[in-house]
Amino acid sequence: MRSRFQPFNTLRNQIFIGFILVMLIMMSVAGAFIYLNVSHLLKDSAERHIGQTAVQASGRLDALIGQMDSLTEQVANHPSVQHILLEERNGSQVTFEQRQSLLQVMHSYQAYMPSVGSLELYTAEGKMLFPIREGSLEDRIGQADIREANQMKGRLVWIGIDPEDPRSLLAIRQVSLVDRWFSRGGYLITRMERSYFGLNGAPATNEEANETMLLIDRRGQLLSGEPMDRTNLLDILHSKTQTVHIGEREYVKAVQQSERTGWSLLILIPVSVVTDGITVLRTTLIISASLGAVLFLFMSFMLSTLITRPIGQLIQAMRRSREGALVLNPEPAAAVELRELNAEYNTMIVDINDLIRVICEKEALQSQTELKALQAQINPHFLFNTLDAFNWSLQEKGEEELAGLMVSMSRLFRYVIEPAHHDSWVTLGEEMAQVRRYLELMEMRLGERLSWQIHMPSEAARIPLPKLLIQPILENAILHGVENRIGNGRVEIRVTPSERLGWTKIEVTDNGPGMTEEGLAAVRTALMEGAACQSKGTGMGLVNVQRRLALYYDSAAYRTDGVLIHSAVQEGTVVTFEIPDEYGGR
């Protein structure tokens with residue numbers, strides 16, 4: 001079965017089938033993605049719309065509540081009301097004429113705001129003063145509302161629906177006596193029509209916009225808006241989801257709560273209204289996908305042909321190359337990329353022929369190179385053996401000081417010319433031991449002209465660094481500092497923790513003649529540009545140190561400011577660089 005379909009397993013067919021599968025997957029994913037995201041976008045747009053509507057309606061509600069709060073405050077602070085309640089509080093009996101005088105006061109405020117149905121005034125003990133009839137505050141409202149009014153200390157408390165008139169709403173305010181240290185003097189109850197909170201001056205349900213606006217108190221009672229059968233408004237308010245189900249319909253909701261009253265403004269819009277455009281979107285996506293599929297199939301067939309034909313020609317050229325020498329493919333390709341592929345193949349053939357020639361030349365020289373390498377290994381061993389012979393000879397003659405010098409020189413040379421296959425990383429302690437040996441030799445050569453000190457904490461001895469990183473700087477300090485100075489010279493090497501966490505600073509200081517500003521600028525320019533700068537002995541200068549820092553630690557900063565130099569005439573020279581505490585190792 002597999003061999004039957006083998007002739008059809010060509011690159012052209014694979015590209016064609018692959019393009020078709022990719023097209024089907026991408027169009028399915030893109031269609032589903034667009035459909036779902038547009039649906040969510042429409043729903044989010046509706047949510048933002050009703051959210052803005054809720055904020056605007058809440059603002060109007062707060063404005064109406066503010067007007068009522070201001071009105072009741074003026075009534076409570078009216079001189080006549082204050083005087084009557086103060087006499088009542090002082091134990092005097094309020095006369096009928098005094099109670100009747102309140103009629104004109106109350107009517108003047110009701111005329112200012114016609115939506116106020118009535119104003120009722122009670123004493124601190126709950127006895128009704130106005131209107132002129134028998135009644136008590138406890139019979140009018142519940143004890144819980146009275147306690148809340150006392151706790152609010154004169155601020156307006158919204159009770160809700162009037163038990164005696166479902167078409168009205170009640171609010172209560174404790175009247176504070178100004179002349180009696182704002183103590184409780186009585187209570188003022190305001191009754192207003194529910195239409196006062198019509199909010200938009202129209203029915204609470206906007207049929208054209210399919211929006212339902214409801215005003216609900218803290219107990220879940222509907223204060224304004226069309227009632228919804230068999231619906232628990234508290235469950236809708238406390239629902240954590242943005243969409244709710246009421247009956248058989250799904251709504252998008254927005255809730256805005258008033259801080260003054262504790263009432264909630266609920267706005268509902270049917271989800272079906274939001275998703276009316278989904279059907280049109282679905283049809284458009286299906287038609288677009290069908291047209292796109294036809295065009296994609298045609299373009300896939302043409303593209304696979306354009307790709308595979310030049311590749312077949314290139315394969316033929318490679319087959320011819322297997323039969324003999326590598327040959328170029330003269331066949332040009334139609335597309336720019338395939339022409340470049342053909343040109344790269346021809347370039348590769350030329351490069352391979354050149355590489356074959358170079359490899360043949362290298363193999364001819366390989367034996368000579370290995371022979372020279374074996375001869376080069378003899379010289380260090382001859383040098384070490386000769387120095388050891390001098391050491392034993394001097395010890396036998398009692399020249400202990402010169403024998404120690406031979407040992408130091410032997411160790412110094414062995415450290416410097418150690419074979420290349422040995423690790424190029426050492427610890428800072430090992431490097432400082434090498435530096436100490438070098439300074440001892442220089443001290444024997446220069447005598448009293450050279451004094452030196454090494455300051456290094458014991459914990460820094462384990463820090464890894466490349467070998468021979470400090471000695472080129474030290475050689476410069478002796479060559480250009482100590483030897484050019486008239487009188488005694490001093491060299492100091494100091495290892496201290498860097499200001500950067502996890503780094504160590506190494507500083508080499510000499511008290512030589514220093515450098516002029518021009519000379520210092522020339523050295524810094526050489527370090528920045530990588531110019532050649534050599535020192536005695538090893539032939540490695542400051543540029544070499546800076547290049548090795550950048551190479552071993554792979555830091556771009558070392559290429560410009562790895563080695564820092566500070567110098568002034570007759571003040572000496574200080575060379576500083578920093579290395580990380582944890583890097584490499586042996």
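A residue counts as partly exposed when its relative accessible area falls between the buried limit of under 20% and the exposed limit of over 50%. In this predicted model, Arg494 sits at 32% relative accessibility and so belongs to the partly exposed group. Its salt-bridge partner is Glu492, with the closest N and O atoms 2.2 Å apart. Glu492 has a relative accessible area of 16%, so this partner is buried.

That pair is part of a wider set, as the structure holds nine salt bridges. Another one joins the side chains of Arg173 and Asp69, at 2.2 Å from N to O. Arg173 belongs to strand S4 (residues 165–177) and Asp69 to helix H2 (residues 11–76), so this bridge ties together parts that are 104 residues apart in sequence. Arg173 is buried, because its relative accessibility is just 5%, whereas Asp69 comes out at 23% and is therefore partly exposed.

Strand S4 also supplies Asp165, whose side chain meets that of Arg191 in a salt bridge of 3.7 Å, N to O. Since Arg191 lies in strand S5 (residues 183–193), the pair links parts that are 26 residues apart in sequence. Asp165 is buried too, given its relative accessible area of 17%. Elsewhere, salt bridges form a network that takes in Glu120, Arg140, Asp162 and Glu164.

Turning to helix H3, which spans residues 79–89, Ser80 is found here, and so is Gln82. Ser80 is partly exposed because its relative accessibility is 27%, but Gln82, at 11%, is buried. Leaving out neighbours within four places in sequence, Ser80 is in contact with Leu102 and Val105. The C-alpha atoms of Ser80 and Arg99 are separated by 9.7 Å, with the two residues 19 apart along the chain. For Gln82, the side chain reaches the backbone oxygen of Ser176 at 3.0 Å. With residues up to four places away in sequence set aside, Gln82 touches Val175, Ser176, Leu177 and Val178, along with Ala76 and Asn77.

A loop residue, Asp217, rounds out the picture. Asp217 is located between strand S7 (211–216) and strand S8 (222–224), and its relative accessibility of 3% is why it counts as buried. The side chain of Asp217 comes to 2.6 Å from the backbone nitrogen of Gln221. Not counting residues up to four places away in sequence, Asp217 touches Gly160, Leu223 and Trp263.

Methods:
Residues are numbered from 1 along each chain as its sequence is written. This is a predicted model: local features need pLDDT of at least 70, side-chain atom pairs count only at pLDDT 80 or more; totals for chains, interfaces and linings use all residues. Side-chain values use heavy atoms; hydrogens and water are left out. Helices (H or I, at least four residues) and strands (E, at least two) are DSSP runs, numbered from the N terminus. Buried means under 20% relative accessible area, exposed over 50%, partly exposed in between (1.4 Å probe, protein chains only). Contact means heavy atoms within 4.5 Å. A polar contact is a pair of N or O atoms within 3.5 Å; within protein, one must be able to donate a hydrogen and the other to accept it, and residues adjacent in sequence count only if both atoms are side-chain atoms. A salt bridge is a side-chain nitrogen of Lys or Arg within 4 Å of a carboxyl oxygen of Asp or Glu.
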